[in-house]
Amino acid sequence: MQLEVRLFATLRAFAPADAVAGVFSANCPEGTTVDSLAERLGIEAAKVHMRMVNGVGVDGTHVLKERDRVGLFPPVGGG
């Protein structure tokens, strides 16, 4: 199935070289969860603070569907 993936902040380092601003398409098998997608990209679950699918916050066990838009955010610090 085809997904749109958006990686934010430090997670952009895990995007393919041809990704623009951390946004790219990914092909995954049916039954892929948000955390298994992150794992396929080489991102440890502990590095993901917030997971969004189609603009809605989800947990890592959320099963993805064709054409979902997935956003992965790291913990962000500031001051």
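How many bridges join β3 to β5, and which way do the two strands run? The points below deal with that and with the rest of the fold; the model is predicted.

1. The join between β3 and β5. There are 4 bridges between β3 and β5, and the two strands run antiparallel. β3 covers residues 50-53, and β5 covers residues 69-73. Within this pairing, Met50 lies opposite Phe73 of β5.

2. The join between β3 and β4. On its other pairing, β3 is linked to β4 by 3 bridges, again with the strands antiparallel. Met52 faces Gly57 of β4, and Val53 faces Val56 of β4. The two strands make a hairpin, and 2 residues lie between them. Asn54 sits in that turn with a positive phi of about 55°.

3. The faces of β3. In a regular strand, side chains alternate between the two faces of the sheet. β3 shows this alternation: Arg51 and Val53 point to one face and are buried, whereas Met50 and Met52 point to the other and are not buried. A reader looking at the strand should note that an arginine, Arg51, is on the buried side. Met50, which stands opposite Phe73, is one of the residues on the face that is not buried.

4. The sheet as a whole. The protein has 1 helix and 5 strands, and their order from the N terminus is β-β-α-β-β-β. The 5 strands make an open sheet with mixed pairing, in the order β2-β1-β5-β3-β4. β2 and β4 are at the edges and have a single partner strand each, so one side of each lacks a neighbour in the sheet. β4 spans residues 56-58, and β2 spans residues 23-27. With direction ignored, neighbouring strands are turned against each other by 30° on average.

5. The aromatic pair. The structure contains 1 aromatic pair. Its members are Phe8 and Phe73; the ring centres are 4.1 Å apart and the planes are at 5°, so the pair counts as stacked. The cut-off for stacked is planes under 30 degrees apart. Phe8 belongs to the loop between β1 and β2, while Phe73 belongs to β5, and the pair thus links distant parts of the chain, 65 residues apart. Is this pair buried or exposed? Phe8 is partly exposed, at 26% relative accessibility. Phe73 is also partly exposed, with a relative accessible area of 21%. The limit for buried is under 20% relative accessible area, so neither value qualifies.

6. Thr32. This residue lies in the loop between β2 and α1, the helix of residues 34-40. Despite the loop position, Thr32 counts as buried, at 4% relative accessibility. Neighbours within four places in sequence aside, Thr32 is in contact with Met1, Leu37, His62, Val63 and Leu64. Leu64 is 32 residues from Thr32 along the chain, and the C-alpha atoms of the two are separated by 5.8 Å.

7. Positive phi values. Besides Asn54 in the hairpin turn, two loop residues deserve a look. Ala21, in the loop between β1 and β2, has a positive phi of about 55° although it is not a glycine. Arg67, in the loop between β4 and β5, has phi near 70°, also positive in a residue other than glycine. Arg67 is exposed, at 71% relative accessible area.

8. Overall dimensions. For 79 residues, a compact globule would have a radius of gyration near 12 Å, and the protein agrees with this at 12 Å. Along the principal axes, the C-alpha atoms fill a box of roughly 40 × 30 × 20 Å. Of the 79 residues, 35% count as buried. The accessible surface is about 4700 Å², and 54% of this belongs to carbon and sulfur atoms.

9. Contacts along the chain. Taking contacts between residues at least 6 apart in sequence, 59% join residues at least 24 apart. Two examples of distant parts of the chain brought together have been given above: Phe8 with Phe73, 65 residues apart, and Thr32 with Leu64, 32 residues apart.

Conventions: Residues numbered from 1 in each chain as written. Predicted model: local features only at pLDDT ≥ 70, side-chain atom pairs only at ≥ 80, totals over all residues. Heavy atoms only, no water. Phe/Tyr/Trp six-rings, centres within 6.5 Å; stacked < 30°, edge-to-face > 60°. Buried < 20%, exposed > 50% of the residue type's maximum accessible area, 1.4 Å probe, protein only. Pairing = 2+ DSSP bridges. Axes fitted to C-alpha atoms, helices over the stretch in contact; angles between N-to-C directions. Rg over C-alpha atoms; globule rule 2.2 N^0.38 Å. Contact = heavy atoms within 4.5 Å. Areas by Shrake-Rupley, 256 points an atom, 1.4 Å probe, with all protein chains shown as cover.
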